[in-house]
Amino acid sequence: MQAEQVEIAGFLKQYPPFDELPEAEVDEIACQVEISYFRAGTDIYLFGDEIHELSVIRSGAVEIYRRNGDLYNRLSEGEVFGQLSLLMSQKVRLPARTIEDSLIYFIPEVLFMSLCERYDSFAYFVEVDDNLLHQAVSDKQEKSDLMVSKVTTLISRTPVMADTSATIRQAAQKMTEAGVSSLLIMHSPENLLNRSVSPDGDELSDTSDRLLAGIITDRDLRTRVVAPGLDLDSPVTEVMTTEPVSLDVDAYAFEAMLTMLRYNLHHLPILEDDYPVGVLATSDIIRYESQSSLYMVSTIMRQTSIDELAELQPQINACFVRMVAEGANSHMIGSAMSVIGRTFKQRLLELGEAELGAAPLPYCFLALGSMARDEQLVVTDQDNALILDNRYQPEQHGEYFAQLAKFVSDGLDRCGYVYCTGNIMATNSTWRKTRKEWQQTFTDWIENPSPDALLNCSIFFDLDGVWGKVDWAVQLNSFVAHKAQRSPKFLASLARNALNRTPPLGFFKDFVMEKDGQHGNAINLKRRGTAPLSDLIRVHALAVGSKVQNSFERLDDVSEAGILPPGRAADLRDALEFISMVRIRHQAADVEAGREPSNSIKPETLTDFDRRNLKEAFKVLSNSQRFLKFRYPFAGR
């Protein structure tokens, strides 16, 4: 090598992505570099110019612009630019101009493409423009007040309270005087003074430790006092709701909305250091959510037949479209639609028990897949199962649970949640098991990860109890998390299985179309986007022992565990959000146009902005799948 080439190689080795390449490779790059000098204020690239090299700033500074002239980024010594234009179309998408006298190294396109194919670290660095995709997601989220508003912004007054020594009459009088529809019941001072203390001086954790003892509402007074004719001088503790669901003062408005949705609440206490600072009522969040989702839950629970429930489908679709129009993000929309789906199951189970009689044994009805992950949309089938009490005997109890499962499954199909084509439903006796049998089944899948077992894991390892003994679902999920984390062979097999569905990108990072039934040449954003993202996130979540179900919440646990390279968890979050929102907006547009909503989309119907960022999101998926082979070595064999 000549002296100048030695100097170039020495410079490149200091900066990413060259610092992770073999030394001999960097020396070869140095031999092919071309050098140009630009005075301050000189245009290096204009929008639409052909580009056939990667640019590296040796000295000086360069500004990158959007096509409308807005400043996009400012780069200095050692940083690269032009990679996105090379990968996408060999046409400049982001113009570049020097702001200081600058020396630029140019690496030929052929060498650049070769490095991308041969070195994952190099490909990951140049293929993902974190700024572009993250900015696209951030711009979307900034439009949603629900994401950035804390619950404290919704509290309109201090809470009205009484202690546990109050009578029902006194509680009602206090509510009338204050003009409120709920009253928080606090532990009496003498109860707080008599807390249990452990031998080492620490207070024991039981219900008497809680300042908030319960809550009573107007509705409670009607249904628990007036209707049964209860003595008004009875203690308020006899009719209050004990240990009410509450949120911390640092929670966000959308969390309050989803909590009220999930538990069908009209009043939600807000606590700071376990002490109430306010109570949110449904009316307090109407201006954020336009009441649609909250209203749908209560409407579903009021219906008295499957026919009436089935008539609600147009309102569900309208609710979905309204949330999209109001700027909700994919987490909020997926959670709200999942709560609505759970509510249909809950009401159908109530109607089923009313028709068939009380269940002969305790049971838990499970939601599986996207509903369990709080990621359900309007295009969905039904995945469900039953956990049965260990005393279950098929000859004694089998007919009842078969009829109950059929009642619910038929009802869900009538309501728009179509039958699962893979027969993953409680109507299939295979998926009606006792608690002990489920543990044995999951143990077998983890210890003997056959292809069928891995397929089942991708469905059943996202589970949520929606009716009955829901704590059984929590216990089963904990069992899975504990056992899977300690089974490296299983994790490697699951990682390999997560590579089966690849993103639709070709060699030059163009979209690869697929025949998708009636949709012709299109991209199925679920099958080729959100589903493989959920699969690989699930692998990492199980590896760190995470017990949460939602993909975004799993990423929080994975990020905290530190098993991914810096920035990868944020990239995955942005990719999942962007692909999900393209899918969601597409479905909402179908609903508004009176078309059957689908997961398939034709790239030519997308804006340039969405096409560009969709490619970036798919590149994140592709790179993250490559990382699975590194993180779980067996996955690549």
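Two residues are in contact when they have heavy atoms within 4.5 Å of each other. This definition is used throughout the account below, which concerns a predicted model in which local features need pLDDT of at least 70, side-chain atom pairs count only at pLDDT 80 or more, and totals for chains, interfaces and linings use all residues. Residues are numbered from 1 along each chain as its sequence is written, and side-chain values use heavy atoms, with hydrogens and water left out.

The protein has 637 residues, of which 55% count as buried; buried means under 20% relative accessible area, exposed means over 50%, and partly exposed lies in between (1.4 Å probe, protein chains only). Its secondary structure comprises 25 helices and 22 strands. Both are DSSP runs, numbered from the N terminus: helices are H or I with at least four residues, and strands are E with at least two. Among contacts in the protein with a separation of 6 or more, 73% are between residues 24 or more positions apart.

The account of single elements may begin close to the start of the numbering. In the loop between helix H1 (3–12) and helix H2 (23–32) lies Pro 17. The peptide bond that joins Pro 16 and Pro 17 is cis, with omega at about 5 degrees. Most residues other than glycine have a negative phi, and most peptide bonds are trans.

Strand E4 (residues 61–65) and strand E5 (residues 71–76) run antiparallel and are joined by five bridges; two strands pair if DSSP finds at least two bridges between them. Ile 64 has Asn 73 in E5 as its bridge partner. The hairpin of E4 and E5 has five residues between the strands, and in this hairpin Gly 69 takes a positive phi near 95 degrees.

Phe 106 belongs to strand E8 (residues 102–108). With a relative accessible area of 11%, Phe 106 is buried. Leaving aside neighbours within four places in sequence, Phe 106 is in contact with ten residues named here in full: Gln 32, Val 33, Glu 34, Ser 36, Phe 38, Ile 44, Tyr 45, Glu 53, Leu 54 and Ser 55. Of these, Glu 53 is 53 residues from Phe 106 in sequence, yet the two are 5.7 Å apart in space, C-alpha to C-alpha.

A sheet comes next. Strands of a sheet pair through backbone hydrogen bonds, either parallel or antiparallel. Here three strands form an open sheet with mixed pairing, in the order E13-E14-E15. Strand E13 (247–248) and strand E15 (275–281) are the edge strands, and each pairs on one side only. Strand E14 (residues 267–272) runs antiparallel to E15, and six bridges join the two; in one pairing, His 267 has Ala 281 in E15 as its bridge partner. In the loop between E14 and E15 lies Asp 274, which has a positive phi of about 70 degrees although it is not a glycine. Asp 274 is exposed, with a relative accessible area of 57%.

Two cysteines may be considered next. Cys 364 is buried, with a relative accessible area of 0%, and Cys 415 is buried as well, at 4%. The structure holds zero disulfides, a disulfide being a pair of cysteine sulfur atoms within 2.5 Å.

Asn 423 is found in the loop between helix H17 (394–414) and strand E18 (432–434). Although Asn 423 is not a glycine, it has a positive phi of about 60 degrees. At 34% relative accessibility, Asn 423 counts as partly exposed.

The last region to examine includes helix H22 (residues 526–543), in which 16 of the 18 residues are buried. From its first C-alpha to its last, H22 reaches 24 Å, close to the 26 Å expected at 1.5 Å a residue; the expected span is 1.5 Å times one less than the number of residues. H22 has a kink of about 25 degrees centred on Pro 532, where the bend at a residue is the angle between axes fitted to the seven residues ending there and the seven starting there. Just after H22, Gly 545 takes a positive phi of about 75 degrees.

Ile 579 lies in helix H24 (residues 568–592) and is buried, with a relative accessible area of 0%. Apart from neighbours within four places in sequence, Ile 579 is in contact with Leu 525, Gly 529, Thr 530, Leu 533, Leu 614, Ala 617 and Phe 618. Ile 579 and Lys 526 are 53 residues apart in sequence and 8.7 Å apart in space, C-alpha to C-alpha.
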